[in-house]
Amino acid sequence: MTAKDWWPLQNLLRDSHQTFVASGEGPGLEWIEVGRDAWLSSAAWLKRDGCETFIDLTVTDLWVPAASTRVPGRFVVQLVLGAGEGARKDLRFALRTRLRASELA
């Protein structure tokens, strides 16, 4: 899966009036950020697309290596492993959504 493969998910979210924020990649990891409203449908889409191996669910104060800066705020991040037909089995995918400031206490 490459960055261009996020288009089907972006179209799905747009058609259902849910929020797609951004996507990117790093060594061995591709990530997608969606709005809170799109979390469940995005996770379901990843599973249907062959990412059935759940690795981790965590909350992080995110740092983006490519930008060498801290991203303000904290995120819920789900990591899954690519598998199945057409997916790279060595590639991890991160689905993230930003937490509200009121949830950080």
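Before I start: helices and strands here are DSSP runs, with at least four residues for a helix and at least two for a strand, numbered from the N terminus.

**Entry 1: overview**

I'm working with a predicted model. I read along the sequence and got the pattern α-β-β-α-β-β-β. That fits my tally of two helices and five strands. The protein has 105 residues, and 35% of them count as buried. I also looked up the exposed surface: about 6,300 Å², with carbon and sulfur atoms supplying 57% of it. Then I checked contacts between residues at least 6 apart in sequence, and 53% of those join residues at least 24 apart.

**Entry 2: Leu-9**

I went to helix 1, residues 7-15, and picked Leu-9. Is Leu-9 buried or exposed? Its relative accessible area is 0%, so I wrote down buried. Who touches Leu-9? Skipping residues up to four places away in sequence, I found Ile-32, Ser-42 and Trp-45. Ile-32 sits 23 residues from Leu-9 along the chain, and their C-alpha atoms are 9.9 Å apart.

**Entry 3: helix 2 and its two sides**

Next I scrolled to helix 2, residues 39-48, where Trp-39, Ser-42, Trp-45 and Leu-46 are buried. I looked down the helix axis: these buried residues fall within an arc of 130°, so they line one face of the helix. My reminder to self is that an α-helix has 3.6 residues a turn, so residues three or four places apart point the same way. On the other side of helix 2 I found Leu-40, Lys-47 and Arg-48 exposed. After helix 2 comes Gly-50, and I noted its positive phi, near 105°.

I stopped at Ser-42, which lies in helix 2. Its relative accessible area is 0%, so Ser-42 counts as buried, the cut-off being under 20%. Beyond four places in sequence, Ser-42 touches Leu-9, Leu-13, Val-34 and Leu-95. So Leu-9 turns up again, this time from the Ser-42 end.

**Entry 4: how the two helices meet**

Two packed helices are described by the angle between their axes and the distance between the axes. I looked up both for helix 1 and helix 2: the axes come within 11 Å and cross at roughly 145°. The crossing is right-handed. Which residues make the contact? From helix 1 I listed Pro-8, Leu-9, Leu-12 and Leu-13, and from helix 2 Ser-41, Ser-42, Trp-45 and Arg-48.

**Entry 5: two strand residues**

Val-77 is in strand 4, residues 69-81. Its relative accessibility is 9%, so I put it down as buried. I checked Val-77 against Ala-94: 17 residues apart in sequence, yet 6.3 Å apart C-alpha to C-alpha. Leaving aside neighbours within four places, the contacts of Val-77 include Trp-39, Leu-57, Thr-58, Ala-94 and Leu-95.

Thr-97 is in strand 5, residues 92-98. It counts as buried because its relative accessibility is 7%. Where does the side chain of Thr-97 meet a backbone nitrogen? One of its polar atoms lies 3.3 Å from the backbone nitrogen of Arg-36. Away from its sequence neighbours, Thr-97 is in contact with Val-34, Gly-35, Arg-36, Trp-39, Arg-74, Phe-75 and Val-76.

Last jotting: Trp-39 is on my contact list for Val-77 and also on the one for Thr-97.

Key
Residues numbered from 1 in each chain as written. Predicted model: local features only at pLDDT ≥ 70, side-chain atom pairs only at ≥ 80, totals over all residues. Heavy atoms only, no water. Buried < 20%, exposed > 50% of the residue type's maximum accessible area, 1.4 Å probe, protein only. Contact = heavy atoms within 4.5 Å. Areas by Shrake-Rupley, 256 points an atom, 1.4 Å probe, with all protein chains shown as cover. Arc of directions from axis to C-beta. Polar contact = N/O pair within 3.5 Å; in protein donor to acceptor, adjacent residues only side chain to side chain. Axes fitted to C-alpha atoms, helices over the stretch in contact; angles between N-to-C directions. Left-handed = near helix turned anticlockwise from the far one by under 90°.
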